[in-house]
Amino acid sequence: MAADFDPTATPPDPKTRVPLTLERVLLAAAMGAMALITAANVVTRYLSNISLAFTEEYSVALMVVVALVGTALATACGRHIRIGFFVDKMNPGRRRVAEIMGLGLLIICFGLILWYGGRMVWDEYDFEVLSPGLGHPQWLYTVWLPLLAILVIGRALGRIIRLARGEEG
């Protein structure tokens, strides 16, 4: 029944050992916090003509969290960015190999983010760097970069394992 095919339909989530609910809850919490912070800033500015400038510091940190958690979720589901023009022309076996190679490159990229982000966090902790707006320890904001890079790497490894077993493709 070709008439029932919907190319815009979202495929079901893969069976993962760690449920994808983890990422969805983190995304919802971070986006909800950003919405509340921004709404409070808008209302305060409208009613009192005073800006809550500190909200920018929290919003930027939450945007990093949303970007990296979203990357982990997209990676686990196989919905990450790829060049489909070439891969779609391949047979299923070659497509699986290309997917695994792409995930390997993703792991290398986020491994570099983990390494250099970890060094940056350590330097900020060691030199007691304070955030420019509120004067909080800067490492409290940047520690999420290497931690969430680990999450992305884990989701990529899980997808590679599922692809190698033939569970997805």
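The following exercises, each with a worked solution, concern a predicted model.

**Exercise 1.** Classify the pair formed by the rings of Tyr58 and Tyr141, and state where the two residues lie.

*Solution.* The structure holds four aromatic pairs. For the rings of Tyr58 and Tyr141, the centres are 6.3 Å apart and the planes stand at 55°. Planes under 30 degrees apart would count as stacked and planes over 60 as edge-to-face; the pair is therefore tilted. As to location, Tyr58 belongs to helix α2 (residues 55–77) and Tyr141 to helix α5 (residues 139–142). With these positions 83 residues apart, the pair links distant parts of the chain.

**Exercise 2.** Decide whether Tyr58 and Tyr141 are buried, partly exposed or exposed.

*Solution.* The cut-off for a buried residue is under 20% relative accessible area, and for an exposed residue over 50%. Tyr141 has 15% relative accessibility, so Tyr141 counts as buried. Tyr58 has a relative accessible area of 28%, and is therefore partly exposed.

**Exercise 3.** Describe the pair formed by the rings of Trp122 and Tyr125, together with the surroundings of both residues.

*Solution.* The ring centres of Trp122 and Tyr125 are 5.5 Å apart; because their planes stand at 40°, the pair is tilted. Both residues lie in helix α4 (residues 92–126), three residues apart, which is about one turn of the helix. An α-helix has 3.6 residues a turn, so residues three or four places apart point the same way. Trp122, at a relative accessible area of 51%, is exposed, whereas Tyr125, at 46%, is partly exposed. Together with Trp139, Trp122 and Tyr125 form one aromatic cluster.

**Exercise 4.** Determine whether the end-to-end span of α1 agrees or disagrees with the expected span, and list the buried residues of α1.

*Solution.* Helix α1 has 28 residues, and at 1.5 Å a residue these should span 40 Å. The expected span uses one less than the number of residues. The end C-alpha atoms of α1 are 40 Å apart, so the span agrees. The buried residues of α1 are Glu23, Leu27, Ala30, Met34, Ile37 and Asn41. Their cover includes α2 and α6. Just after α1, Asn49 takes a positive phi of about 60°.

**Exercise 5.** Identify the residues that touch the most other members of the largest nonpolar core, and the helices that supply this core.

*Solution.* The core has 26 residues, of which Phe110 and Leu148 touch the most other members. Helices α1 (21–48), α2, α4 and α6 (144–165) each supply at least two residues. The largest share, nine residues, comes from α2. Leaving aside residues up to four places away in sequence, Phe110 touches Leu68, Thr71, Ala149, Val152 and Ile153.

Definitions and conventions:
Residues are numbered from 1 along each chain as its sequence is written. This is a predicted model: local features need pLDDT of at least 70, side-chain atom pairs count only at pLDDT 80 or more; totals for chains, interfaces and linings use all residues. Side-chain values use heavy atoms; hydrogens and water are left out. Rings of Phe, Tyr and Trp (its six-membered ring) pair if their centres lie within 6.5 Å; planes under 30 degrees apart count as stacked, over 60 as edge-to-face and the rest as tilted. Helices (H or I, at least four residues) and strands (E, at least two) are DSSP runs, numbered from the N terminus. Buried means under 20% relative accessible area, exposed over 50%, partly exposed in between (1.4 Å probe, protein chains only). A nonpolar core is a set of buried Ala, Val, Leu, Ile, Met, Phe, Trp, Tyr and Cys residues joined through side-chain atoms within 4.5 Å. Contact means heavy atoms within 4.5 Å.
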